[in-house]
Amino acid sequence: MSLYYRWRKFEEDEDRPEKPRRVGVTEMRGPNHTLLIQNVLQDIFESMGQFVDGLKFSGGSHSLMPKSFLKQVIDMAHQHNVYVSTGDWAEHLIRKGPSAFKDYVEECKQMGFDTIELNVTSLEVPEETLLRYVRMIKSGGLKAKPQFAIKFNKSDIPTGRDRAFGAYIPPSPRSTEFVEDVDLLIRMAERCFEAGADMIMIDADDLCKQADSVRADIIAKVIGRLGLEKTMFEASNAKASEWFVKQYGPKVNLFVDHSQLMDLECLRGRNLGKNHTSVLGSPYFLF
């Protein structure tokens, strides 16, 4: 990443909004690969909590933690006005039967989670079932955030004759081929919003995983149709974050690793000094 930036700043009449924010949201991936997660998060919240809007437990890491410990972590996040998301774990509950998802929503609510994420690719459920899950989450008093990739299993993509509402679609064998279909992503996202979804997450795979191959055309189409406020993009590295902020300004919603928090806030326009590397706490890169 370049050492110096032309700072992107909010206008005088639109300072960086205080939490809870609707735009310019920064959700961070929790340090789930360390046994010192509680101490690490406490250090992050105390030193950079004003920059963090949400905490996501990636990869189902929360399912391996004792409930009492998990509750302490969630309560600590809430003390710093940080919402907590389950991450993409719901797909593993589906295998337990039809009632498992309802029980999962209730358990998440009791534990104090604020948002349940639905990984559409991993769920492998019909669209109507996905919408039903969104409604169940909302009925349970939590926020719903479906996560989409730009590629879909070929067997899930309706053909022209099958796109009519209510049309019978005979079951077809699962395909191993994944096909890019941005229009389908946008249509499904719009239906999720109609069902009550609060935000959608766009996965970095095949979109911006590598900074030198960002699919700017697809990102522009998604933002043009769905808007910035209800769309969050996964920025898998610091250069991807830089690209998003340079292209769409500080109001873009991003999901980043916890080690990128200060970088991202500098990019958003915090007046932390021209040489931003001087304000990065090196310990956060050791976890």
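Author: Two strands count as a pair if DSSP finds at least two bridges between them. Keep that in mind for this predicted model.

Reader: So what makes strands β8 and β9 a pair?

Author: Strand β8 (residues 200–202) and β9 share three bridges in the parallel sense, and the cut-off is at least two, so they pair. One contact to look for is Ile-202, whose bridge partner in β9 is Phe-233. On to β10 (residues 253–257): β9 pairs with this strand too, in the parallel sense and over three bridges. There, Glu-234 has Phe-255 as its bridge partner. With helix α8 (residues 238–248) added, β9 and β10 make a right-handed β-α-β unit.

Reader: Why are Phe-101 and Tyr-104 called a tilted pair?

Author: Their ring centres are 6.2 Å apart, and pairing asks for centres within 6.5 Å, so they pair. Their planes stand at 50 degrees; stacked would be under 30 and edge-to-face over 60, so tilted is what remains. Six aromatic pairs turn up in the whole structure.

Reader: How do you know that Phe-101 is buried?

Author: Buried means under 20% relative accessible area, and Phe-101 has 1%, so the label fits. Tyr-104, at 5%, is buried as well.

Reader: What makes Lys-56 a charge over the ring of Phe-255?

Author: The distance part goes like this: the limit is within 6 Å of the ring centre, and the charged end of Lys-56 is 4.4 Å from that of Phe-255. Lys-230 likewise has its charged end over a ring, that of Phe-193, 5.3 Å from the centre.

Definitions and conventions:
Residues numbered from 1 in each chain as written. Predicted model: local features only at pLDDT ≥ 70, side-chain atom pairs only at ≥ 80, totals over all residues. Heavy atoms only, no water. Helix = DSSP H or I, 4+ residues; strand = E, 2+ residues; numbered from the N terminus. Right-handed = clockwise from strand over helix to strand, strands pointing away. Buried < 20%, exposed > 50% of the residue type's maximum accessible area, 1.4 Å probe, protein only. Lys NZ or Arg CZ within 6 Å of the ring centre and 35° of its normal.
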